[in-house]
Amino acid sequence: MRFFAFIVVCLTGALLLYGTGEFPDWGDPNSPASLHLSNYYIENALNDTGAPNFVTAVVADYRGFDTMFETAVIFCGGLACFLLLRDFREKKDHYYRHIPTGVILHVKDSQKPLTIGKEFGYMDKDWVPPDLIIKTVCRILIPFIQIYAMYVVAHGDYSPGGGFQGGVIFGSSLILLAISYDLKTLVKRVKERVLGIFAAAGVLLYAGIAALCMLMGGNFLDYSKLAPLVPWNSHHNIRAIGMLGVEIGVGIAVMAVMLIIYINIVSEGRHDEGL
Amino acid sequence: MHWPIDIIVLTFVIFCAIAALSVKDLLGTAILFGAYSFLMCLLWTIMGAVDVAFTEASVGAGVSTVFFVAAIFRTRRRTKD
Amino acid sequence: MDNYPALIVVAPFIAALFAGLFVWIDERLSYPIALAGLAVSLFSGIQVMIQVIASGPIQYKLAGWAPPIGIEYRIDLLNAMVLILVAGVAFLNLIASYRSVQQEISDRTGSYFTVYNLFVTGLLGVSITGDLFNLYVLIEITSLTSYAQIALGDKDRGPLASLNYVFIGVIGASFYLLGVGYLYMYTGSLNMADVAVLIKGSEGSSTVLTAFILCILGIWIKMALFPMHVWLPNAYTYSPTAFSRVVAPLMTKVMVYVMIRLMVTVFGYDYIFNTLHLSDAVVWLATLAVLAGGVMALAQKNLKKMLTYIIVCEIGYMVGGAWMGNQLGMTGAILHILNDALMTFALFLAVGNMVYRIEKVDITDLKGLFGKMPWTMGGFVLAALSIIGVPPTCGFFSKWYLILGAMEKGAYHFVAALVISSLICAVLFFKVFEICFFESGSPDHENSHGPVAIEDAPVSMIIISGLVSLSLVVTGFYSGTIVNTIILPFLK
Amino acid sequence: METIISIKPLLAVLVTLFVVPVLISSSSKPNVRESWIFIAGIIKLVLILSMLPAVLAGKQIVLTLFEFVPGASIAFRVDGLGMLFAIVAASLYIVTSLYSIGYMRGLKEHGQTRFVSFFALAISATIGAAFSANLLTLYLFYEILSLATYPLVTHHQDEKSKISGRRYLTFILGTSIGLVLPAMIYCYHVTGTLEFSTAGIFTGELSKPEATVLLLMFVFGFAKAGIMPFHSWLPAAMVAPTPVSALLHAVAVVKVGVFSIVRVMTGVFGVDLLTTYNLGIMVMIIASVTILLGSCIAMSQDELKRRLAYSTISQLSYIVFGVALLTPQGLLGGVIHIVMHAFGKITLFFCAGAIYVTTHKKYISQMSGLGRKMPFTFAAFFIGALGVIGLPPTGGFYSKWNLILGTLEAQQTIFMLVLLVSSFLNAFYFLPIVYKGFFGKSEDQEENPPEKIKEANLCLIIPLMLTAVISIILFFYPTIFINLIKVGLGI
Amino acid sequence: MSDVLSLIVAKYNYWLYVILMMIGLYGMIAKNNLVKKIVGMNIFQTAIILFYVSVGYKRDATIPILANAHDAHGATAIHAADYINPLTSCLMLTAIVVSVATFGYAMALAVRIYQRYQTLEEDELRMRLSEE
């Protein structure tokens, strides 16, 4: 196998190197790649779309269709993990911790779950008491991370970032919550149902705005046709508003999907205990 | 002239890639892989592709590593190769 | 309405999202929504086909940007045909598979329908787009959704088959992406028509050559051309019925379409056949694929797996025809996209019906099935005859063109391979028929719910299965019309 | 040539196909089912006969259904040759249907609905093959016929029929896909058409070696004609119920094979091309070998049906032989043998079946003395045997006579010898059966007391007497068929 | 000598991406552990992204965000040569998303396979499969 792999790899490498032979120099401003289309984008993006970040302009508008499916890809990823790992069966034995005393109870019959509250807490097989420093730091940090995520989403057309990055950051903040406390805390606060709806709704927001353009008489994704819907808008390019809408959609979807994937992997689909 | 920085970072990237594939501890692989992603992100920033770099920083170095660690948590840490 | 081209892809997409949304609200609604999306897509496909036949290729500018800047859909006759095929097969399969999804994936049907519709969206998008990178994104959608669905099948082998498919699928898609990158390096454009103009006259360029090899190689891996087929049999065998029924007819065929699109629209005949002279080598490869597929099919004990090897063999047909370098061969390849999709669909529909009743389809499990499931077996026989190439089923007519093309080129080894594979298929299927016909199985089949008397599949499944099988004959009779109105005008 | 566009050929083909759903739906009521068969059969015959006057007047009835590619369409054309074959097949279908009622019910066979349905399908395909306007259509119906007969051959669904069915398909499908299909496509590749025409479709594109290979591919490829070495499916197929053997393996299936070869030689290659390249001799040698070997093997068979099968193999080659003579007399003799042999051989099979149903005897050695108990059956057997041997007063004489004249016309005296020797052999293996039947001693009196064996029931007797009588009538009135051949081949 | 140096400077980025890709591909094919394979896969994909980003790079150009956007607003002319290619960045955003989705799902598959077979080593898996 190793030998075979070596041969394949060498052949591929040789082919790719051969292909680079006629490449223009690295960073050559006059290479065809940097002239044909990119110049158009750089020179016209601001006028066309009102977004000073050319990448965002291309991502959300010129090639917005790609991005819609990119979001669909991430949605697929989440859905795939859900389909693969999600295990709806109730687990038979549960561990509980009696909070005042610290005694661990092992309940084998799941018919009568203990009420979780001041007296009893969940606990996992390899439960360790949450570290106070980590807990506190995270509790303080998480809201800031989330605000930053929202900034990244909203400010995507002026600075690097956009819906995807923002969504990932938001998702990470919640994952941080799960890691610093435990998975139960997260699952209790963010219901699986909510995540599922968010994931679909985020992509749907994107596709919906795009389809709305179609209903307004334009082509699919042609934001310029949205103008009648936002009559109060006077000094913003209508396309920039459309882009903002889809970026928010992407952000929501990505946030939800990241959580779905994480929760399913870490708890093997049972949504009870994890890292 | 960015190329000296570029080539240094690139060397680190390749080093990390090889290391990530060859250590026998998967948790080590996870961390090396995170480092690889982060260096990659640095490389792209040098080349000016800030959006890509940002994404890689949040995804590659961030969430991917978390997924990785989560998966290792549910499987085995040791490996033969 | 000018938005039909967009609707073809968008309708199932939005339907999928709504279906995904309703999983968490009322799961029963997911199915009708998914079905409606596919119906709209099919309808739009037919509308587009009518427009294309009437007034030539349609361009659709997504987001309203003119082609090289934005993404465009460019629908000519070939696209339109593949689109209708994909939408039609997916739609019919969704109707036929409702019961088997309920049986196999009972606790997450809504999500399954979502994934299913996304998969179909991907296939439709691949067949409609005129943009190289958009094609890649949509290939990835089809891939991810198929990874997901394969893992849902067999509890033990499904995930492994899926992971293998992930690795090979990623290699294939990445090769394609690299190829696109090289093309972009050379031309600075991603639009197919634009790229085709820009690479004209650059026959000697190593970049273009590498791009060409990478793209074609990537697509070959994705379509499972021998010897890159290793992932296919396991992946298709261990997937759930509803999925294997749609992926087996469509996935490889859409990839063949992509290959033809790259050959015809992007790189051009002239470059491939007159500059590179690749025809001979690839036809030999296709010959090998045909033979190897047939021989490996002979060794199988599981009916589903046997059929997957036949797919490998049929891919050889299409690749061989497309690379024959003449019009007849290309006609045969394109006609075979349609015919093979229908044949495979009919076969897998029948097999799905069997799986629904007897759960395991090792060949020895099929004893006495003619008596117990006469309608299903009727469909199966018709489809099998089409694979063998018995007139008037459609399989015969595409084979006709392929052989004619091979004769024109003088590639008699390919002719021999086609004939031999027909014979092998005859042996294969009659081996199955013999068991179904002669061996009288015990009156009660054992399955996991204990002994159950076998009867034919539910009516919804039988009707679709019978309909598709009959369509094989109808398509066969109208092959001439299809060739004259769709394929020849496209190739001229 | 004047042509009439009419839907009649299509109807004639489809009528028995359309009746299949009706048959299936009335499977619980055997009498209703059988009456439908007769209605369909009679409609079919009437349709065919209604086209007869036009065909005799030298017109052709054409109908193009689907143009597949220019020159190769799904199309029908009724000419003399096809008409001749269609009349024979359709009329014998009615007779056989009657016979099979007696046979199947007499033996209480299972799956009778399946049986009659596939029978109807097979006869549709036969008529389709007869009316084909081009090689593609012919191939289409040829294949349908192969597949439709498979469930008939393997009707008993036991191990023996499984093996036979396997052999049947291997030979028939193997040769048609392996040889005919490439040959046909090559023809199209070279000429761009597959339409039959009396002048042939080749206009000098073929060199002699190419033509030789192609012709061989066709002659061996149409394995239904039973040319050696692709003959052994026919004896194997004798496991089928006798009506199948009678109609299909004496008339429909095998004759479709021969008919296809005739069509290819006269309509695709054309007599002129074959004469130019002197290819007739080659085919004649092949046919002669089959004729003689077939007869010799037939003599060694003890099972009656197997003997008949080998006899059929040898007789079929007469037809090929006659056509390969490439002279008017030879063609006439060969093609008319389709008719004459059909009536003679079907009589023989009917008799074999009647004997089996009544006495459950399959082997010739058990049959001595039976003739006295079953006089009608054995009388018919005698007439049938005469027809196959080619002696007056049966139609068989007429074809043998013309064949011999043909050899003289072509100045192939050696081959005349073949015919004579073979006729002698035929007599040698048929007449002793009749002799033993009437004059031999009954052997197994203990097992089967003589009073238990009596003449077969009416459903069996009427058909076999009918065909025997027709084969005598044909001796006196063969004109209509001769005219059809003359119209069809333009001689 | 300076020729060689300039050639290296001109092309080394592409060469190194090829090497990185080969490492990834090798890991994907030759490694025995499924998780390692997945890592190889990701390295392979990132290498391609590196290639695209290299294609989009321009000497003496800055990041593709309009400088002084807030006050300029189209008043001053924009020079295309000043900014790097935004198109490749856009494409690679998509590619990264694809790679992370695939990565996440592959990890999920690995967990699933481990659940079923208690191992992630390919040779052991093969042994288990042939036993059954």
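**Exercise 1. Chain pairs**

Which contact, if any, joins chain B and chain D, and how far apart do their closest C-alpha atoms lie? Then find the pair of chains that shares the most contacts.

Solution. The model is a predicted one.
- Step 1: chain B and chain D are joined by no contact, and their closest C-alpha atoms are 52 Å apart.
- Step 2: chain D does not touch chain E either, with 33 Å between their nearest C-alpha atoms.
- Step 3: six pairs of chains are in contact, and among these the pair A and C shares the most contacts.

**Exercise 2. The side of chain C that touches chain A**

Describe the contact between chain A and chain C by residue numbers, elements and classes.

Solution.
- Step 1: chain A contributes 48 residues to the contact and chain C contributes 52 residues.
- Step 2: on the chain C side, the elements that each supply at least two residues are α1 (4-22), β1 (58-61), α4 (109-128), α5 (132-151), α6 (157-187) and α8 (206-223).
- Step 3: α5(C) gives the most, with eleven residues.
- Step 4: sorted by class, this side of chain C holds 32 nonpolar, 16 polar and four charged residues.

**Exercise 3. The fold of chain D**

Test the radius of gyration of chain D against the value for a compact globule, and describe the chain.

Solution.
- Step 1: a compact globule of 491 residues would have a radius of gyration near 23 Å.
- Step 2: chain D has 21 Å, which agrees with that expectation.
- Step 3: the C-alpha trace of chain D spans about 70 × 55 × 45 Å along its principal axes.
- Step 4: chain D contains 19 helices and three strands, and 61% of its 491 residues are buried.
- Step 5: of the contacts in chain D between residues at least 6 apart in sequence, 81% join residues at least 24 apart.

**Exercise 4. Helix α5 of chain D**

Compare the span of helix α5 (residues 135-153) of chain D with the expected one, and state whether the helix is enclosed or open.

Solution.
- Step 1: at 1.5 Å a residue, the 19 residues of the helix should span 27 Å.
- Step 2: the end C-alpha atoms of the helix are 26 Å apart, which agrees.
- Step 3: 19 of the 19 residues of α5(D) are buried, so the helix is largely enclosed by the rest of the structure.

**Exercise 5. The largest nonpolar core**

Name the residues that touch the most other members of the largest nonpolar core, and list the contacts of Ala89(D).

Solution.
- Step 1: the core has 604 residues, of which Ile265(A), Val86(C), Ala89(D) and Val320(D) touch the most other members.
- Step 2: with neighbours within four places in sequence left aside, Ala89(D) contacts Ile123(D), Thr126(D), Ile127(D), Ala130(D), Val251(D) and Ala252(D).

How values were computed:
Residues numbered from 1 in each chain as written. Chains lettered and ligands numbered in written order. Predicted model: local features only at pLDDT ≥ 70, side-chain atom pairs only at ≥ 80, totals over all residues. Core = buried A, V, L, I, M, F, W, Y, C linked by C-beta atoms within 7 Å. Buried ≥ 20, exposed ≤ 12 C-beta atoms within 10 Å, placed from the backbone. Contact = placed C-beta atoms within 7 Å. Helix = DSSP H or I, 4+ residues; strand = E, 2+ residues; numbered from the N terminus. Nonpolar A, V, L, I, M, F, W, Y, C, P; charged D, E, K, R; others polar. Expected span 1.5 Å × (residues − 1). Rg over C-alpha atoms; globule rule 2.2 N^0.38 Å.
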